[in-house]
Amino acid sequence: MDFVKFGIIGIGNMGSGHVRYIGELSNCRLTAVCDINPKAFDRINAATREKIKCYTDVDTFLKEADIEAVIIAVPHYFHPDLAIKALKAGKHIIVEKPIAVHKKEAERLIAEGAKHPELKQSLMFNQRIIPTHKKIKQLIDNGELGKIRRINWVITDWFRSQAYYDSGDWRASWRGEGGGVLLNQCPHQLDLWQWLFGLPKTVRAVVKFGKYHDIEVEDEVNVYMEYEDGTVGNFIASTGEMPGDNRLEITAEKGKLIYEDGKITFVRNEIETSEFCKTTKKSFGIADKWICQIPVNNEAAAHQHRNVIENVANAILKDTPLLAPMAEGIRGLELGNSMLLAGLKDKVVTLPMDSDEYAAELEKLVATSRYQKKVVVNEATADDMAKSY
Ligand SMILES: NC(=O)c1ccc[n+]([C@@H]2O[C@H](COP(=O)([O-])OP(=O)(O)OC[C@H]3O[C@@H](n4cnc5c(N)ncnc54)[C@H](O)[C@@H]3O)[C@@H](O)[C@H]2O)c1
């Protein structure tokens, strides 16, 4: 057999996109979908619908559908529970980002995943596929930049209108979603951050809740991080700015890398900064520099989600290594949780973060949430959600 039979749980904005991507892949077949809201199936075109089975009950879907792998594309709180159900039913999984709403839930899912080494477990970190991101990683890993001194990432081009937040009642509430820009929009950047630079030792943050929108959760964050080796990081994110920026600056011994508008520029020092500082006889001035435009063929950027699904199918069929193993999802989640905790408590958070402390803080926020449908932070189940719809 040279293809994998896929099912998808959650046929909303993202799940309906996956329906389309899978249809384009030679090593995958979509055989079934599941959504608690049958209206969601209207998003699937008639030709595809004829070839697949539609379910409204997850347990029946996992028991009866002719599937080997499942993509989980439901609201974040339900990722761990549904992923665990799928693993227990013997299915390979691709979990949408974020892996969970908070670290303790991610730990629970990863612990279950460890019991099923025969099943491939991936996260939808589609931005790892983008060639410019891969190139930046290659430059760092190959030592082209030298030791990194400071990282600045301004990611404010996630503008969202009030209409967006009003489009789903689970959105942007503590009870329904569990976080804002750090949990919904930024998981990709937080994953890339840890993928490129690793995790910092300490995190401080100023976090604003509902600053630009009528929402409960955060829509602006200003974060300062420190690493064990003295490297510092600044991370600024917002859904309230227009036009926003997506600008990454990496200041290192051998120069400065700037990534903006899909282009990578490296301003290369002729002499490493610390060497120049120690040896120059001049009181002012800096070493000579070259401005290098790093060429990247970015065509593959158009096929991000598709490529992750294709990779998982190849992992199942040929044991190809996963591009985004699910367990790695806890790292970016922990980074985002620690930013929110630092802002909420106005304190320096040290990593590894205490997942119990974060879960307790989130429980308090959930208790105050104006979204009243029944969702329990640590015990969310598909049944709860089904009843609430
Ligand atoms: N990787 C990416 O680029 C990307 C982009 C957008 C969204 N996402 C992720 O996809 C997930 C879904 O987001 P969305 O925008 O598609 O949401 P959505 O609200 O548009 O769709 C969610 C769907 O899930 C269904 N659903 C809810 N609970 C269910 C359950 N227990 N069992 C079965 N079906 C259930 C709903 O009826 C709905 O049709 C989120 O976690 C989000 O972060 C990822």
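Here are three short exercises, with worked solutions, on the predicted model above.

Before you start, residues are numbered from 1 along each chain as its sequence is written. Local features need pLDDT of at least 70 and side-chain atom pairs count only at pLDDT 80 or more, while totals for chains, interfaces and linings use all residues.

**Exercise 1. Work out the strand order of the six-stranded open sheet and say which strands stand at its edges.**

Solution. Begin with the vocabulary: strands (E, at least two residues) and helices (H or I, at least four residues) are DSSP runs, numbered from the N terminus. Two strands pair if DSSP finds at least two bridges between them.

- Step 1: the order is 3-2-1-4-5-6, with parallel pairing.
- Step 2: strand 3 (53–55) and strand 6 (121–123) each have a single partner strand, so one side of each has no neighbour in the sheet.
- Step 3: for one pair in detail, take strand 4 (residues 69–72) and strand 5 (residues 92–95), which run parallel and are joined by four bridges. Here V70 stands opposite I93 in strand 5.

**Exercise 2. Trace the open sheet of nine strands and find the bridge partner of W153 in strand 11.**

Solution.

- Step 1: the order reads 14-13-12-11-7-10-9-8-15, and the pairing is mixed.
- Step 2: strand 14 (289–294) and strand 15 (349–350) are the edge strands, each pairing on one side only.
- Step 3: strand 7 (residues 148–155) pairs with strand 11 (residues 246–252) in the antiparallel sense, over seven bridges.
- Step 4: within strand 11, W153 has L248 as its bridge partner.

**Exercise 3. Describe how helix 5 and helix 12 cross, and which residues make the contact.**

Solution. Two packed helices are described by the angle between their axes and the distance between the axes.

- Step 1: the axes of helix 5 (residues 103–114) and helix 12 come within 9 Å and cross at roughly 170°. Axes are lines fitted to C-alpha atoms, for helices over the stretch in contact, with angles from 0 to 180 degrees between N-to-C directions.
- Step 2: helix 5 and helix 12 are therefore roughly antiparallel to each other (the term covers angles over 145 degrees).
- Step 3: helix 5 contributes K103, A106, E107 and I110 to the contact, and helix 12 contributes G329, I330, L333, E334 and N337. Residues are in contact if their C-beta atoms, placed from the backbone, lie within 7 Å.
- Step 4: to place helix 12 (residues 329–345) in the fold, note that it lies across strand 8 (202–209), strand 9 (218–226) and strand 15, at about 70° to strand 8.

Technical notes:
Two residues are in contact if their C-beta atoms, placed from the backbone, lie within 7 Å. Angles under 35 degrees count as roughly parallel, over 145 as roughly antiparallel, 65 to 115 as roughly perpendicular and the rest as oblique.
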